[in-house]
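Me: I would like to go through this structure with you. Could you put it up so that we can begin?

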Amino acid sequence: MVLATISYWGTVMTHAWMETNLISKSLSKLSSNHDQMWNSTVADYVAAMTTHHTAMNVDRRATVIGNDAELHWWTMIETSVPGWEANVWSAEMRAILFEECIKATNYLWVIGVPESWMMEQMNDSSKNVTLVNDCNLYAFEKFYLTQTEVSTKYTDTEYSTLDVQDILAGTNVGTYDYVHVRMKDLVSLNSNLVDAYMNMLSVGGVMHIEDTGAYGSFYSSHSALHKHYMTKTNRSFLTKDGFMVFHLATDDGTTIIKRTS
Amino acid sequence: MASRSTPGNSYSASSDLSQIEYELAKVLFSVGLDWANIASLSIDDILDKINECNTINPMNITNGAAYASTLASEDYLKTQNTVLTIMVRRLWYWRQLATGVL
């Protein structure tokens, strides 16, 4: 277990996806409004997040948080390692890509790093944005929306919030044409969360799942794919009728699911 | 339905905590721990129990002389150990954050 842990961590830190995302960023051109700037607002937000976690006196002993990138996320991007910045940027670029392709109007989001494009959707009266209730929503409201740069630039921010329990219960089922989640939101002992989020899609809608490649470690499994802890969740996407599933084996991994019926 | 629409003040720590503890309870029961004892359980206790229930034996079948392989059952235990450990660590972390802002 220890060796596997070290191996996994090494994969996280050295996989080429950092470099590929740097290249992706340098060779992409989004509109001027979609700059995904890693600006002082985002830097302040990330710093506030890590300060908040410290203030909460969260147990961060090695045995408690291990090498899980999800639990090191905010402290890792706080150091502004170039690869991390590009990784965040690239993930958001993919979100824009699929939204631009399908012209979504009704979003269900589990929030990540706040950025300009996301705020634009919340300030567009033709779009409905629903955010999932979790600790990142708390941080978004306390440490991002409250910044002067944000409140003065985005003056008509509107969104609603939905609890995970309601998603599991089927509230608003079949109404969202764009669902954006991360793999951490779906890994469970059973497929209840996967089923529930997929059922939120309207026919023709697209679900964008980030990090389905476990930050690259998924792709070092080779013939032993069945041994990876994330395989079961990834395979559960394939078990439902009426959905097309596209696993894009790039850097941290992205899965796109389209509801066809 | 717990839909809220007040930007800036819509996070519900109690709802968040409820969902986190629902998931955490499932893991606890799966390894033989009782949610009723959560107040006296540490994450170290839970991680120890996960290891106890999903013990990974040393590779015990050799495949030729070059390298060893594992039984499918051992692969399953290792994977189960990993996913339970990751889930518990995340849920425990998020539980602390939700509890902290209640």
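**Sheet, core and chain contact**

Reply: To begin inside the sheet of this predicted model, Val181(A) has Ile209(A) as its bridge partner in β5(A).

Me: How many bridges pair β4(A) with β5(A), and in which sense?

Reply: Six bridges pair strand β4 (residues 176-182) of chain A with β5(A), in the parallel sense.

Me: What is the strand order of the whole sheet?

Reply: The sheet is open, has seven strands and follows the order β3-β2-β1-β4-β5-β7-β6 in chain A, with mixed pairing. The edges are taken by β3 and β6 (243-248) of chain A; each has a single partner strand, so one side of each has no neighbour in the sheet. On average, neighbouring strands are turned by 20 degrees against each other, direction ignored.

Me: Which strands does β2(A) bridge to?

Reply: Strand β1 (residues 106-109) of chain A is joined to β2(A) by four bridges, and the two run parallel. Within that pairing, Thr130(A) of β2(A) stands opposite Leu108(A). Three further bridges link β2(A) to strand β3 (residues 160-162) of chain A, again in parallel, and here Val132(A) has Leu162(A) of β3(A) as its partner.

Me: Is β2(A) mostly covered or mostly open?

Reply: Strand β2 (residues 128-132) of chain A is mostly covered, as four of its five residues are buried.

Me: What unit do β1(A) and β2(A) make with helix α7?

Reply: Together with helix α7 (residues 116-122) of chain A, they make a right-handed β-α-β unit.

Me: And where does α11 of chain A lie?

Reply: Helix α11 (residues 192-199) of chain A lies across β4, β5, β6 and β7 (254-259) of chain A, and runs at about 130 degrees to β5(A).

Me: Turning to the interior, which residues have the most contacts inside the largest nonpolar core?

Reply: That core has 79 residues, and those with the most contacts inside it are Trp109(A), Val179(A), Leu186(A), Tyr197(A), Met207(A), Met87(B) and Val88(B). Helix α3 (residues 72-100) of chain B gives the most to this core, with 11 residues.

Me: What does Val179(A) touch, leaving aside its neighbours within four places in sequence?

Reply: Val179(A) is in contact with Leu108(A), Tyr197(A), Met200(A), Leu201(A), Gly205(A) and Met207(A).

Me: How many residues of each chain enter the contact between them?

Reply: Chain A brings 36 residues and chain B brings 41 residues. On the side of chain A that touches chain B, the elements giving two or more residues are α4 (62-65), α5 (69-78), α8 (135-144), β3 and α10 (164-169) of chain A. The largest share of that side, four residues, comes from α8(A).

Me: Back to the backbone: what is the phi of Asp211(A)?

Reply: Asp211(A) has a phi near 65 degrees, a positive value in a residue other than glycine. Asp211(A) sits in the loop between β5 (201-210) and α12 (231-236) of chain A.

Me: Why does Asp211(A) count as buried?

Reply: Asp211(A) counts as buried because 25 C-beta neighbours lie inside 10 Å, and the cut-off is 20 or more.

Me: And Ala214(A), what about its phi?

Reply: Ala214(A) is not a glycine, yet its phi is positive, at about 50 degrees. The loop between β5 and α12 of chain A also holds Ala214(A), which is buried with 25 other C-beta atoms within 10 Å.

Me: Last topic, what is the average pLDDT of chain A?

Reply: Chain A averages a pLDDT of 86, and 90% of the residues score at least 70. Over residues 1-14 of chain A, however, the pLDDT is below 50, and this stretch has 14 contacts in the model beyond near neighbours in sequence. Where pLDDT is low, the predicted coordinates should not be read in detail.

Definitions and conventions:
Residues numbered from 1 in each chain as written. Chains lettered and ligands numbered in written order. Predicted model: local features only at pLDDT ≥ 70, side-chain atom pairs only at ≥ 80, totals over all residues. Buried ≥ 20, exposed ≤ 12 C-beta atoms within 10 Å, placed from the backbone. Pairing = 2+ DSSP bridges. Right-handed = clockwise from strand over helix to strand, strands pointing away. pLDDT = per-residue confidence, 0-100. Contact = placed C-beta atoms within 7 Å. Axes fitted to C-alpha atoms, helices over the stretch in contact; angles between N-to-C directions. Core = buried A, V, L, I, M, F, W, Y, C linked by C-beta atoms within 7 Å.
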